[in-house]
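Visitor: I'd like a close look at a single part of this model, with enough of the surroundings to place it. Could you walk me through it?

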Amino acid sequence: MTLIQCEECSQPISERARTCAQCGYPRLPPPWTHRAFKVLVGLAAAIFISMFVLSMILAWVSRKPFELDLRDIEPRTTLQLQDAPGRLG
Ligand SMILES: [Zn+2]
């Protein structure tokens, strides 16, 4: 339990107290920062997950051109390996 200073009488009161136990000064509604933090974290997680899913969908959509690129590269590397011994000898 955290003690804070009353805005009215400067006496130490509980952070969760809605009114000051010393002078009865009404405090602001219960701390909403924790709830706002949870909402922000949830929002960030939702954005991150949606971005991840979107990138996975984009990767899946662009899958076929990538496979064609690999087929184009493969014969070239084979030719380079065949040329190398001929140039040395
Ligand atoms: Zn007070």
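Guide: Let's take the stretch around Cys23, and then step back to the rest of the chain.

A word on ground rules: residues are numbered from 1 along each chain as its sequence is written. This is a predicted model, so local features need pLDDT of at least 70, side-chain atom pairs count only at pLDDT 80 or more, and totals for chains, interfaces and linings use all residues.

From the N terminus on, the elements run β-β-α-α, where helices (H or I, at least four residues) and strands (E, at least two) are DSSP runs, numbered from the N terminus. That makes two helices and two strands. Cys23 sits in the loop between strand 2 and helix 1.

What does Cys23 touch, once its neighbours within four places in sequence are left aside? The list is Cys6, Glu8 and Cys9, a contact being two residues whose C-beta atoms, placed from the backbone, lie within 7 Å. Glu8 is 15 residues away along the chain, and its C-alpha atom is 7.7 Å from that of Cys23. Even so, Cys23 is just partly exposed, because 13 other C-beta atoms lie within 10 Å; the scale is buried at 20 or more other C-beta atoms within 10 Å, exposed at 12 or fewer, and partly exposed in between, with C-beta atoms placed from the backbone.

Now look at Ser10, in the loop between strand 1 (3-5) and strand 2 (12-14). Ser10 isn't a glycine, yet its phi is positive, about 65°. Ser10 counts as exposed because it has 11 C-beta neighbours inside 10 Å.

Following the chain past Cys23 brings you to helix 1, with 29 residues. From first C-alpha to last, helix 1 reaches 41 Å, close to the 42 Å expected at 1.5 Å a residue (that is, 1.5 Å times one less than the number of residues). Helix 1 is hardly covered, with zero buried residues. Across the chain's 89 residues, 2% count as buried, and among contacts with a separation of 6 or more, 0% join residues 24 or more positions apart.

How far to trust this? pLDDT is the predictor's confidence in each residue, from 0 to 100. The chain's mean is 79, with 66% of residues at 70 or more. Helix 1 (residues 33-61) has the highest mean among the elements, 92, and helix 2 (residues 63-88) the lowest, 59. Where pLDDT is low, the predicted coordinates shouldn't be read in detail.
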